[in-house]
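This report looks at aromatic contacts, backbone geometry and cysteines in one protein chain. Please keep the sequence and the model in view while reading.

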Amino acid sequence: MKDPQSLFNASPEAFFEELGARFRSLDARLDRLAARLDSLAEVMESHLSSGIPVSRAAGLRSDWSYDVRTPNFYFDNVFDLETGPNYVKRWVNASGRLAGTLALPRDVPLAFEILVCDFANAQAGLSFALTVDGRALRWAEPGPRLFRAIVPPDPSVRGLAFSLGVDPAHCGGKDVSFSFSSITVHPVEAGAVPDAA
């Protein structure tokens with residue numbers, strides 16, 4: 001519609017017919033865009049809950065790490081970054097748990113390492129545990145700062161579903177449970193023997 005006023009002056013009926021056609025065209029376009037947005041939202045929700053498919057991630061990544069100095073996009077239950085002369089850390093809230101699913105290949109043993117800064121108290125520290133795929137793993141290196149466990153290979157599993165933390169009942173009513181500075185998951189060095197779960 002190059003000149004709506006001229007079209008209206010020449011024929012109001014033609015003007016409204018042209019206007020109606022344009023609205024119908026815009027409605028159809030909006031419907032197509034809404035359908036695409038719904039599809040994109042579904043893909044994003046699937047990605048957030050299940051991670052990138054392992055078949056795609058396997059060729060790209062074999063390890064994962066999170067340093068608390070970087071923005072936190074992973075965990076919804078950690079506090080803001082704390083820094084001091086000799087430390088950087090984030091506290092985990094009273095839930096006592098960090099959990100997630102990493103899109104990593106499971107055909108090799110993986111080392112799961114976390115650098116812990118503090119526990120709410122000594123009893124909370126004694127309950128510090130890691131589960132992978134619903135199975136408890138023992139610590140190959142049990143602290144006091146570096147906690148390291150070996151995740152045995154399991155090619156039948158998609159990704160690495162983990163839960164890490166302390167028993168909240170042992171936090172003494174505090175609003176925090178433990179603090180950490182980094183988490184790293186990487187293939188075990190050549191020649192290392194995985195620990196039994």
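## Backbone, rings and cysteines

Asp133 has a relative accessible area of 31%, so this residue counts as partly exposed. The model is a predicted one, and in it Asp133 is placed in the loop between S6 and S7. Although Asp133 is not a glycine, its phi is positive, at about 55 degrees. A second backbone feature is the cis peptide bond that joins Gly143 and Pro144, with omega at about 15 degrees; Pro144 belongs to the loop between S8 and S9. Both features deserve a remark because most residues other than glycine have a negative phi, and most peptide bonds are trans.

Turning to the aromatic side chains, the structure holds 14 aromatic pairs. One of them is formed by Phe119 and Phe147, which meet edge-to-face, with 6.0 Å from centre to centre and 85 degrees between the planes. Phe119 lies in strand S5 (residues 110–119) and Phe147 in strand S9 (residues 146–151), so this pair ties together parts that are 28 residues apart in sequence. Phe119 is partly exposed, at 21% relative accessibility, whereas Phe147, at 6%, is buried.

Another pair is that of Phe128 and Trp139, whose ring centres are 5.4 Å apart and whose planes are at 10 degrees, so the pair counts as stacked. Because Phe128 lies in the loop between helix H4 (122–126) and strand S6 (129–132), and Trp139 in the loop between strand S7 (135–137) and strand S8 (141–142), the pair ties together parts that are eleven residues apart in sequence. Phe128 and Trp139 are both buried.

The two pairs are set side by side here.

| Pair | Centre to centre | Angle between planes | Class |
|---|---|---|---|
| Phe119 and Phe147 | 6.0 Å | 85 degrees | edge-to-face |
| Phe128 and Trp139 | 5.4 Å | 10 degrees | stacked |

Phe119, Phe128, Trp139 and Phe147 are also among the residues that ring pairs link into a cluster, which includes Trp64, Tyr66, Tyr74, Phe75, Phe178 and Phe180 as well. A contact of another kind involves Tyr87, since the charged end of Lys89 sits over the ring of Tyr87, 4.8 Å from its centre.

What is the count of disulfides? The count is zero, where the rule requires a pair of cysteine sulfur atoms within 2.5 Å. As for individual cysteines, Cys117 is partly exposed, with a relative accessible area of 24%, while Cys171 is buried, at 1% relative accessibility.

Definitions and conventions:
Residues are numbered from 1 along each chain as its sequence is written. This is a predicted model: local features need pLDDT of at least 70, side-chain atom pairs count only at pLDDT 80 or more; totals for chains, interfaces and linings use all residues. Side-chain values use heavy atoms; hydrogens and water are left out. Rings of Phe, Tyr and Trp (its six-membered ring) pair if their centres lie within 6.5 Å; planes under 30 degrees apart count as stacked, over 60 as edge-to-face and the rest as tilted. Helices (H or I, at least four residues) and strands (E, at least two) are DSSP runs, numbered from the N terminus. Buried means under 20% relative accessible area, exposed over 50%, partly exposed in between (1.4 Å probe, protein chains only). A charge sits over a ring if NZ of Lys or CZ of Arg is within 6 Å of the ring centre and within 35 degrees of the ring normal.
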